[in-house]
Amino acid sequence: MICEYKGKRPVIDSSAFVAEDAVITGDVTIGKEASIWFKTVIRGDVAPVHIGDQVNVQDLSLLHQSPDQPLIIKDGVTIGHQVTLHSSIIEKNALIGMGSLILDGAEIGEEAFIGAGSLVPPGKKIPPRTLAFGRPAQVVRELTEDDFKEMNRIRKSYVEKGQYYKSTLE
């Protein structure tokens, strides 16, 4: 379901895949070859949500914000199943593991990896190219070339899956 909120309607690139049961409302932009998966909710009814190119937002995730605090997800980001993102900035090619919560004002660095089930508290900054894990999330190590290969494999597989679903469901 895609709906307007107070004169703002989501702007979704024609190459993006949006599952039929996803809910997207208000001031939301979604970039090229992005994929928004089953039962995801993206509410742009408080502040803007910007989702870059080739971002995948996996099943059952929730994206929202606080007043005057947009949610910004840059190109190539992977957002795992059941993730909650709230008024934060996720830099290019980062990966947010399943079941994680990223709260207001948090910043996830470029190519950073947030381990499954983590809580990134308000205002916390996770450096680029690191693995952070826990509740609250703490940096546990630098990422390796093998980590980057796996993150890239996941990102590419979701672009391919999204394009496949888009071609078969339309």
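The exercises below, each with a worked solution, look at a predicted model of one protein.

Residues are numbered from 1 along each chain as its sequence is written. Because the model is predicted, local features need pLDDT of at least 70 and side-chain atom pairs count only at pLDDT 80 or more, while totals for chains, interfaces and linings use all residues, and side-chain values use heavy atoms, with hydrogens and water left out.

**Exercise 1. The whole protein**

Find how many helices and strands the protein has, and work out which radius of gyration a compact globule of 170 residues would have.

Solution. Begin with the elements: the protein has one helix and 20 strands, where helices (H or I, at least four residues) and strands (E, at least two) are DSSP runs, numbered from the N terminus. Next comes the radius of gyration, which is taken over C-alpha atoms, and for which the globule rule is 2.2 Å times the number of residues to the power 0.38. For 170 residues a compact globule would come near 15 Å, and the value for the protein is 15 Å, which agrees. Along the principal axes, the C-alpha atoms fill a box of roughly 40 × 35 × 20 Å.

Then turn to the surface and the interior. Of the 170 residues, 46% are buried, a word that means under 20% relative accessible area, with exposed standing for over 50% and partly exposed for the range in between (1.4 Å probe, protein chains only). Finally, among contacts with a separation of 6 or more, 11% are between residues 24 or more positions apart, a contact being heavy atoms within 4.5 Å.

**Exercise 2. The open sheet**

Give the order of the eight strands in the open sheet, and say which strands stand at its edges.

Solution. The order of the sheet is 3-5-7-10-13-16-19-20, and its pairing is mixed; two strands pair if DSSP finds at least two bridges between them. Strand 3 (17-18) and strand 20 (137-142) each have a single partner strand, so they stand at the edges, and one side of each is left without a neighbour in the sheet.

Now compare two of the pairs. Strand 10 (residues 78-79) and strand 13 (residues 95-96) run parallel and are joined by two bridges, with isoleucine 79 opposite isoleucine 96. Strand 19 (residues 130-134) and strand 20, in contrast, run antiparallel and are joined by five bridges, and here alanine 132 has valine 139 as its bridge partner.

The last step is the link between strand 19 and strand 20, which is a hairpin through two residues. Proline 136 is found in the loop between these strands, and the peptide bond that joins arginine 135 to proline 136 is cis, with omega about 5 degrees. As background, most peptide bonds are trans.

**Exercise 3. Serine 35 and aspartate 13**

Decide whether serine 35 is buried or exposed, and do likewise for aspartate 13.

Solution. Serine 35 belongs to strand 5 (residues 35-36), and its relative accessibility is 1%, so serine 35 counts as buried. Leaving aside residues up to four places away in sequence, serine 35 touches Phe17, Val55, Asn56, Val57, Tyr158 and Gly162.

Aspartate 13 lies in the loop between strand 2 (11-12) and strand 3, and with 25% relative accessibility it counts as partly exposed. With residues up to four places away again left out, aspartate 13 touches Ile30, Gly31 and Lys32.

**Exercise 4. Two positive phi values**

Find what phi lysine 6 has and what phi aspartate 68 has, and then place both residues in the chain.

Solution. As a starting point, most residues other than glycine have a negative phi. Lysine 6, however, has a positive phi, near 45 degrees; this residue is in the loop between strand 1 (2-3) and strand 2, and its relative accessible area of 73% makes it exposed.

Aspartate 68 is not a glycine either, and its phi is positive at about 60 degrees. Aspartate 68 is in the loop between strand 8 (62-64) and strand 9 (71-73), and with a relative accessible area of 75% it is exposed. As a last step, consider the distance to alanine 47: this residue and aspartate 68 are 21 residues apart along the chain, and their C-alpha atoms are separated by 5.7 Å.
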